Amino acid sequence: MANQVKALKVTVIDPATPEKAKLRVAAYARVSSDSADQLNSYLAQVDYYTRHIGENPDWELIDVYADEGISGLDIRKRDEFNRMMEDCRAGKIDRILIKSMSRFARNTRDTLHFMRELMRLGINIQFEKENIDTGRLTSEQTAAIYAAFAQMESTGHSSNMRTSVRMRMERGIFTPSSMPYGYRLNGLEPEIVPEEAEVVRRIFGLALQGQGHTDITKWLNESGVERGHGRERWHCFMVRYILSNCFYTGDSDWQKTFATDTLPIRQVPNWGQRPKYHVEDDHLGIISREDFQRVQALTASRKEVFYRGSKPSGAVLGGHVFCGHCGYACRRKTARGTVYWVCNRHNDSKDECPIPQIMEMALTAALLRLHNKLILHGQELLQPLLDQLRELRERELRSNQKLSDIDKEIANISGQNLVLIRLKSKGCIDSALALSQADEMNRRLRELRRERRKMLGAADGDEQIQSTEAMLDYLDGAQWQTKVTPELFEELAERLTVVSAQEVKIRLLNGLELTERLV
């Protein structure tokens, strides 16, 4: 029997088309610095980017990161920008939309640094105004040109601001952006803070009774007097600053520091490079001019006693000079009219220690050179160090459960805020209600961030962080020195270690060691 072929039913199953993953898109902006418009500006930008990204079916909105009117010159101060970078490093974002390159960063170095990092992470940036997409760039040259324009725009704006400030000073209508301890700004007018004013009067009163800066500082710390601005401990330089500041008499000295013309823009002491302005009866004083002048006279007389007293001027180095070979303290000696500092072992036998005696003049010159260098460049050196110390401390705190709970609540409210804006953009919720609820959520976010900063501030009890902060505060108002004084060792330096006939290492109060030449 012939073989019969059985007919088979075959059904063709088309291959499944995998669902295309959406591109995770974020947006970055800097919103209005005006507090009244800040919420509206933020909502408007979130609404714009929600609609803009929502129109593309291949995109998914991750978040809108918006800094609050902060200058683009300093990346460290832009919390939302840094949060966005952390999310990028965590792999949460594929693409970033930014209105213009000047919103991203206002100096070429920062622009290129972060663009390179994002491109290494595989994240594209689209600058809408310049129509630049880093995913299509064949060279960084185009980006560098635009970044340079943004930098020129920023420095030009800064120059205009400086001219405006100078004109207001000349007309006597200038208002500083911050007030010294004892005052606060009420609109554009300095206003006395009653409880802080009492502390200022007490400080002047103790000074008139003959108390020195160290004793007054000790009393402030032991009495638990709050210093303000989130700082708890008082330092001698702060007391000295209060006692020498004519602002407490009702007068003002303007332009004691000024901003440099070139990037990085920083404040430096005005030693005559710019005009200074003195205005009498500019505001209500806390103490009388008579008491202020009496304190200045007492301070001057103490300095005169110190420099003319029985102690030689070099005695201030006593206990601070050490041998780099033996580790022993050096002693002061005079030979043929010249003052030296020498290791005891070297003095007994040159075979015992190779470190020769060093002229006191060379040691003091090296210390003063370092002091004056730090006045000019200390901010550039110490601020990054302080940021790193705080970051390390923050990492330690991340294991803290309460801090972790705060971070989770912040993330949760931020997510709710984003959902609310999406509902508003789709017309699912009334605009006035959305604004009200967003206002409440942003108020809670501010509270949580304030609590978080307070917790992180409590961690600043770390001695190295405290001493670095104190040094930065000291350098902010320090003057060029021509003599080594005891205050220099109280506020900045700890010890000098002679390592050779040509070099000395100077250890600062925070443990940082810097080398100076002995000439």
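**A strand with two neighbours, and a pocket**

Let's start at one residue: phenylalanine 127 in strand 4 stands opposite isoleucine 132 in strand 5. Keep in mind as you look around that this is a predicted model.

Strand 5 covers residues 132–133, and 2 bridges join it to strand 4 in an antiparallel arrangement. Together, strand 4 and strand 5 make a hairpin with 4 residues between them. In that turn, look for asparagine 131, whose phi is positive at about 55°.

Now turn to the other partner of strand 4. Strand 3, residues 95–98, pairs with strand 4 in the parallel sense, over 4 bridges. Here phenylalanine 127 appears again, with isoleucine 98 standing opposite.

Which residues of strand 4 are on the covered face, and which are on the uncovered one? Strand 4 runs through residues 124–127, with Ile125 and Phe127 on the covered face. Asn124 and Gln126 make up the uncovered face. As background, side chains in a regular strand alternate between the two faces of the sheet.

Let's move on to the second largest pocket, which holds about 310 Å³ of space. Its lining consists of 13 residues, and those closest to the centre are Trp234, His235, Ala470, Glu490 and Leu509. Two or more lining residues come from each of helix 14 (463–477) and helix 15 (486–491). Helix 14 gives the most, with 5 residues. By character, the lining of this pocket divides into 5 nonpolar, 4 polar and 4 charged residues.

Conventions
Residues numbered from 1 in each chain as written. Predicted model: local features only at pLDDT ≥ 70, side-chain atom pairs only at ≥ 80, totals over all residues. Heavy atoms only, no water. 1 Å grid on protein atoms, 1.4 Å probe; cavity = no way out; pocket = protein on both sides within 12 Å on 5 of 7 lines; lining within 4 Å. Points joined across faces, edges and corners; volume = space filled by probe spheres on them. Nonpolar A, V, L, I, M, F, W, Y, C, P; charged D, E, K, R; others polar. Buried < 20%, exposed > 50% of the residue type's maximum accessible area, 1.4 Å probe, protein only. Pairing = 2+ DSSP bridges.
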